[in-house]
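Please look over the model shown below, alongside its sequence, before reading on. The paragraphs that follow lead from the overall fold to individual helices and then to the way those helices pack.

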Amino acid sequence: MNDLNELRDEIYSDAVAHGLWDETHVWKLIATNEDFRKSGIADIITYANNDETRKNAIATLFLAMELRELIFAVDDVNNFREELADVIITALSASGYLGIDIDKAVRAKMEINRGREWRHGK
């Protein structure tokens, strides 16, 4: 694998084939999850000023779902590993959904991070 975009494309294709990014699915998730209804994410998706904002909110919803599952898996090592993988898979899938060159974005952010002073002084 040359870069993250190859993995992004594979993961995104699988997600699309399984209907993950279908907006009907998004509304079913919101309707069946009280936390998401209370969060205001439905309002952001509904009243977004543009398609990019709406799609960013949808991607954020999916990532929030996976992060929530990761939080509740901290006491089970095997489940935690699976949920951590799901967070990464969902992030890469979201980058496909949003049309982000994730390899370029990650490498650019790594350069920014390398130039920062870290909290532990190194």
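This is a predicted model, and what is said here about the chain should be read with that in mind. The secondary structure of the chain comes to seven helices and zero strands, so that from the N terminus on the elements run α-α-α-α-α-α-α. Taken along the principal axes, the C-alpha atoms fill a box of roughly 45 × 35 × 30 Å, and buried residues make up 29% of the 122 residues in the chain. If one considers the contacts between residues at least 6 apart in sequence, 60% of them join residues at least 24 apart.

Helix α1, residues 4–17, is a convenient place to begin. Its 14 residues reach 20 Å from the first C-alpha to the last, close to the 20 Å expected at 1.5 Å a residue. At the start of α1, a side-chain oxygen of D3 reaches to within 2.9 Å of the backbone nitrogen of N5, while just after the helix G19 takes a positive phi of about 80 degrees. The buried residues of α1 are N5, R8, I11 and A15. Seen down the axis of α1, these buried residues fall within an arc of 125 degrees, so they line one face of the helix. The spacing fits a general feature of helices: an α-helix has 3.6 residues a turn, so residues three or four places apart point the same way. The partners of the buried residues of α1 are α6 and α7, the latter spanning residues 102–114.

Helix α2, residues 23–32, can be read along similar lines. D22 caps the N-terminal end of α2, with a side-chain oxygen 2.9 Å from the backbone nitrogen of T24. The buried residues of α2 are V26, L29 and I30. They cover an arc of only 95 degrees around the axis, which puts them on the same side of α2. The face turned away from that buried side carries the exposed residues K28, A31 and T32. What covers the buried residues of α2 includes α3 (34–39), α4 (41–47) and α5.

Helix α6, residues 77–98, comes next. It has 22 residues and reaches 31 Å from its first C-alpha to its last, close to the 32 Å expected at 1.5 Å a residue. At the start of α6, a side-chain oxygen of D76 reaches to within 3.2 Å of the backbone nitrogen of N78, and the helix is followed by G99, whose phi is positive, near 70 degrees. The buried residues of α6 are E83, V87, T90, L92, S93, A94, S95, G96 and Y97, and they pack against α1, α2, α5 (51–71) and α7.

Two residues of α6 show contrasting surroundings. R81, which lies in α6, is exposed, because its relative accessible area of 55% is over the 50% cut-off. The C-alpha atoms of R81 and A57, 24 residues apart along the chain, are separated by 26 Å. S95, which also lies in helix α6, counts as buried, because its relative accessibility is 3% and the cut-off is under 20%. Leaving aside its neighbours within four places in sequence, S95 is in contact with R8, I100 and I102. Of these, R8 is one of the buried residues of α1.

It remains to describe how the helices are arranged in pairs. Two packed helices are described by the angle between their axes and the distance between the axes. α5 and α6 pack at an angle of about 175 degrees, with their axes 8 Å apart. That makes α5 roughly antiparallel to α6. On the α5 side, R54, K55, N56, I58, A59, F62, L63, E66, L67, E69 and L70 meet F80, E83, L84, D86, V87, T90, A91, A94, Y97 and L98 in α6. Among the α6 residues that take part in this pairing, E83, V87, T90, A94 and Y97 are also buried.

α1 and α7, by comparison, pack at an angle of about 135 degrees, with their axes 7 Å apart. The two helices are therefore oblique to each other. Their contact is made by L4, N5 and R8 of α1 and I102, D103 and V106 of α7. R8 and I102, both part of this contact, are also among the residues that S95 of α6 touches.

Terms used: Residues numbered from 1 in each chain as written. Heavy atoms only, no water. Helix = DSSP H or I, 4+ residues; strand = E, 2+ residues; numbered from the N terminus. Buried < 20%, exposed > 50% of the residue type's maximum accessible area, 1.4 Å probe, protein only. Expected span 1.5 Å × (residues − 1). Arc of directions from axis to C-beta. Contact = heavy atoms within 4.5 Å. Polar contact = N/O pair within 3.5 Å; in protein donor to acceptor, adjacent residues only side chain to side chain. Axes fitted to C-alpha atoms, helices over the stretch in contact; angles between N-to-C directions. Parallel < 35°, antiparallel > 145°, perpendicular 65-115°, else oblique.
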